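Welcome! Here is a short, friendly tour for anyone opening this structure for the first time. Have the view ready, and follow along stop by stop.

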Amino acid sequence: MPSPRVRPASPPANPENEGFIRVRGARENNLRDVDVDVPRDCIVAFTGVSGSGKSSLAFGTIFAEAQRRFLESVAPYARRLIAQGTTPHVDSITGLPPAVALQQRRGAPSSRSTVGTLTTLSNSVRMLYSRAGSYPQGAARLESDSFSPNTVAGACPRCHGMGVAHEVTEASAVRDDSLTIREGAISAWPGAWQGKNLRDVTAGLGYDIDRPWRELGREERDWLLFTEEQPVVEVHPQRDRVAKPYKGRFWSARQFVMHTLADSQSESQRTKVLQFVESGPCSLCGGSGLTRAALAVTVAGLTIAEVNGLTLADLAAMLNPIASLEHAAPATSRASSGEGTEVSVAIARDLLGRVEVLTGLGLGYLSLDRATPTLSPGEMQRLRIATQLRSGLFGVVYVLDEPSAGLHPADAEPLIEVLESLRASGNSVFVVEHDMDIVRRADWIVDVGPGAGAGGGEVLYSGPVEGLAEIEASVTRRFLQPTPHRPAGHALRAPVDWLRLRDVTLHNLDHLDADVPLGVLTAVTGVSGSGKSTLVGRVLAERGTEHPLVDRVVQVDQRAIGRTPRSNLATYTGLFDAVRAAFAATPDAAARGWSAGRFSFNVVGGRCEVCQGEGYVSVELLFLPGSWAPCPECHGTRYNRETLEVLWHGASIADVLGMTVEEAAPFLAEVPAASRALETLHQVGLGYLRLGQPAPQLSGGEAQRIKLATELQRARSGHTLYLLDEPTTGLHPADVELLVVQLERLVDAGNTVVLVEHSMPVVAAADHVIDMGPAGGVEGGRIVASGTPHAVAAEARSRTAPYLGRHLSA
């Protein structure tokens with residue numbers, strides 16, 4: 001029965017019921033004709049179990065409509081250059097200001113994307129060096145682009161701005177110098193006929209190919225390995241498949257390797273020649289990726305490469321004297337140094353203000369040249385929030401997707417201050433949030449539910465936070481007060497043995513000794529940048545099997561389960577194979593002679609050929625951005641008409657893919673393989689996902705739980721080390737309880753589970769805790785405390801202790 005909606009009176013500050021965003025008839029995704037009033041100029045928390053519809057309301061409806069209205073003011077020609085979302089399904093929204101969305105998304109794995117480029121701080125640093133740097137006497141002033149390794153003007157000509165050079169050396173190209181060229185001394189040359197051709201060309205050039213390599217002169221060896229010349233000689237083949245003489249071109253070892261790396265379309269060929277190069281910091285630019293002209297310019301005695309390598313805290317200290325100058329000199333175009341000028345002071349002050357926001361958020365240990373793929377989701381989120389905080393916008397709705405995700409409770413404190421600063425600046429802050437510490441600090445709460453998928457989509461409550469306690473249908477209300485997570489009387493497990501790691505040095509781990517218990521549930525905690533992911537994701541992943549009681553190591557990470565829409569929940573877990581086999585076994589399919597392959601949307605025969613099994617087709621519009629629309633032939637089902645005629649218990653194969661896990665469980669109960677998969681998916685809190693949900697639409701937390709569910713399906717023989725990185729990301733506290741039960745099932749089956757975690761209820765439920773710290777970056781990398789949750793909570797040096805103790809004593 002649908003739960004009654006509660007519509008409290010408007011806040012006392014708005015007695016005339018003004019200052020609200022009024023949403024009427026929202027039907028986006030699973031929202032059921034929702035009407036809700038949300039106050040402006042407040043921090044509003046949207047809560048509910050995973051899949052309840054809170055993101056559909058906050059992002060899919062409110063933000064999407066604000067973006068649509070803004071883009072309507074943009075010229076149609078310019079609009080096609082902007083990525084646009086779909087028009088939300090809603091009757092009306094009034095009182096809606098412009099909106100900015102900050103969603104959880106992982107940066108593309110590119111080493112060219114850094115903290116500096118993400119925050120645009122690099123732009124200001126380059127401008128500082130261009131306009132205010134000290135140049136060598138007589139050197140021409142450089143434009144700001146000349147200080148970027150990502151531009152033609154600034155990139156080192158040898159490493160092309162990457163900072164890493166791939167060099168072919170004699171040691172890498174010649175593995176056995178006792179061999180002759182005919183015997184294959186030059187290992188970097190290709191094999192088969194192409195290698196024989198190069199040996200014949202070398203002989204035609206007058207080189208002795210039957211003399212051991214080590215006996216050739218230095219000049220001869222260097223020419224054969226490194227020359228850029230490509231002479232052509234006539235080759236007279238003997239006992240070869242080429243009957244007539246031909247013109248053969250010479251390639252040195254370096255030429256051949258570099259040509260293959262740059263131009264070969266074969267991944268296997270590129271991988272093969274990589275063994276013949278030595279990679280390291282580029283000798284021309286020192287690993288900076290910049291030209292020598294850019295590296296000759298200094299500010300405060302430092303090159304731009306040195307400044308990019310400073311921590312943000314040290315960068316602030318370097319900028320402070322420049323920004324504090326009160327009597328700056330006017331800039332002149334002919335001066336060799338711009339330091340101390342009005343321009344340098346203005347740029348430095350702006351830069352310092354932006355850096356101080358980041359250090360205030362606890363990110364002072366990061367450097368501008370830190371690659372974004374190495375950042376945690378929490379670090380990425382804070383960097384984006386800090387960028388918006390300095391924008392100075394007024395009257396904007398900021399819609400944030402779990403801003404606390406990936407944050408230690410100590411790091412969440414300054415985050416709350418940032419949200420309050422945005423509100424104090426005249427903005428509205430809407431957060432989709434599962435962290436109850438953040439929710440308790442909000443001015444208003446919109447609770448969506450009561451369940452997930454078809455069981456959700458209703459606004460159960462919209463009002464002041466304390467009023468949620470009266471809503472019996474709300475799953476969220478019981479979590480607003482801290483409660484002990486481990487049931488009373490549940491004894492801690494004793495380790496069966498220990499994995500002892502000694503003298504570990506990696507990233508900020510410096511000669512670390514760590515003892516990891518086996519046969520128990522261990523939580524690794526600590527502030528961002530303290531070394532948790534390095535210890536678990538790198539060290540344990542590589543050295544876990546060193547112990548005789550560990551047969552295999554399984555990393556359950558947040559990387560996507562597939563890159564294209566053709567990969568989905570059903571295909572990844574393997575349950576779709578069982579479903580297709582069930583359809584192929586029907587009398588109708590058997591009469592037509594169809595196998596399970598007929599029911600795949602990736603194979604010619606069963607799929608719709610108009611959209612080739614995609615379900616959608618691209619629509620190109622003149623002066624407007626192209627968009628995707630349901631296929632006019634199959635209407636989004638992905639299959640042709642004949643395939644859809646085959647029914648299993650009254651449903652087509654497309655109908656099954658459209659079911660949620662919760663809906664499919666009873667429907668597929670008589671298909672054992674599918675039933676097991678659906679049961680484990682439901683147990684990890686994914687009952688709301690559709691079986692055909694495309695992989696790119698899944699969050700990192702959802703992808704991780706799908707992998708965990710897939711692992712839970714397998715026969716558990718024990719002696720497996722499971723490594724998880726923040727598995728509670730994106731989970732409502734009620735779903736966290738389900739996840740902890742499944743992790744304990746793995747441990748009870750004789751396995752070991754080690755997880756990086758910031759959720760204190762989960763840490764309190766662990767058998768053992770390893771707390772890293774005491775801070776991030778160079779100030780971290782040490783084990784501050786290790787032991788039972790109560791033992792760690794009593795450690796005065798631990799930044800985790802007070803937050804953990806609060807949950808243990810609740």
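Our tour begins with strand 24 (residues 768–773): 6 of its 6 residues are buried, so this strand is largely enclosed by the rest of the structure. Please keep in mind that this is a predicted model.

**Strand 24 and its partners**

- Both faces of strand 24 are covered. On one side the buried residues are H768, I770 and M772, and on the other they are V769, D771 and G773.
- Strand 18 (residues 521–525) runs parallel to strand 24, and 4 bridges join the two.
- Within this parallel pairing, you can look for T525, which stands opposite D771 of strand 24.
- Strand 25 (residues 782–787) runs antiparallel to strand 24, with 5 bridges between them.
- To find your way into that antiparallel pairing, start at G773, whose bridge partner in strand 25 is R782.

**Strand 7 and strand 8**

- Side chains alternate along strand 7 (residues 232–235). V233 and V235 point to one face and are buried, while V232 and E234 point to the other face and are not buried.
- Strand 7 pairs with strand 8 (residues 246–249) in the antiparallel sense, over 4 bridges.
- V235, one of the buried residues of strand 7, has Y246 of strand 8 as its bridge partner.

**R382 in helix 14**

- The next stop is R382, a residue of helix 14 (residues 377–389).
- Is R382 buried or exposed? R382 has a relative accessible area of 0%; since buried means under 20%, this residue counts as buried.
- The side chain of R382 reaches the backbone oxygen of L361 at 2.7 Å.
- Leaving aside neighbours within four places in sequence, R382 is in contact with L361, G362, L363, Y365, L407, D411 and S528.

**Helix 26**

- Helix 26 (residues 733–748) has 16 residues, and at 1.5 Å a residue it should span 22 Å. The C-alpha atoms at its ends are 23 Å apart, which agrees with that expectation.
- Which residues of helix 26 are buried? They are P733, A734, D735, V736, L739, V740, Q742, L743, E744, L746 and V747.
- Just after helix 26 comes G750, which takes a positive phi of about 95°.

Definitions and conventions:
Residues numbered from 1 in each chain as written. Predicted model: local features only at pLDDT ≥ 70, side-chain atom pairs only at ≥ 80, totals over all residues. Heavy atoms only, no water. Expected span 1.5 Å × (residues − 1). Buried < 20%, exposed > 50% of the residue type's maximum accessible area, 1.4 Å probe, protein only. Pairing = 2+ DSSP bridges. Polar contact = N/O pair within 3.5 Å; in protein donor to acceptor, adjacent residues only side chain to side chain. Contact = heavy atoms within 4.5 Å.
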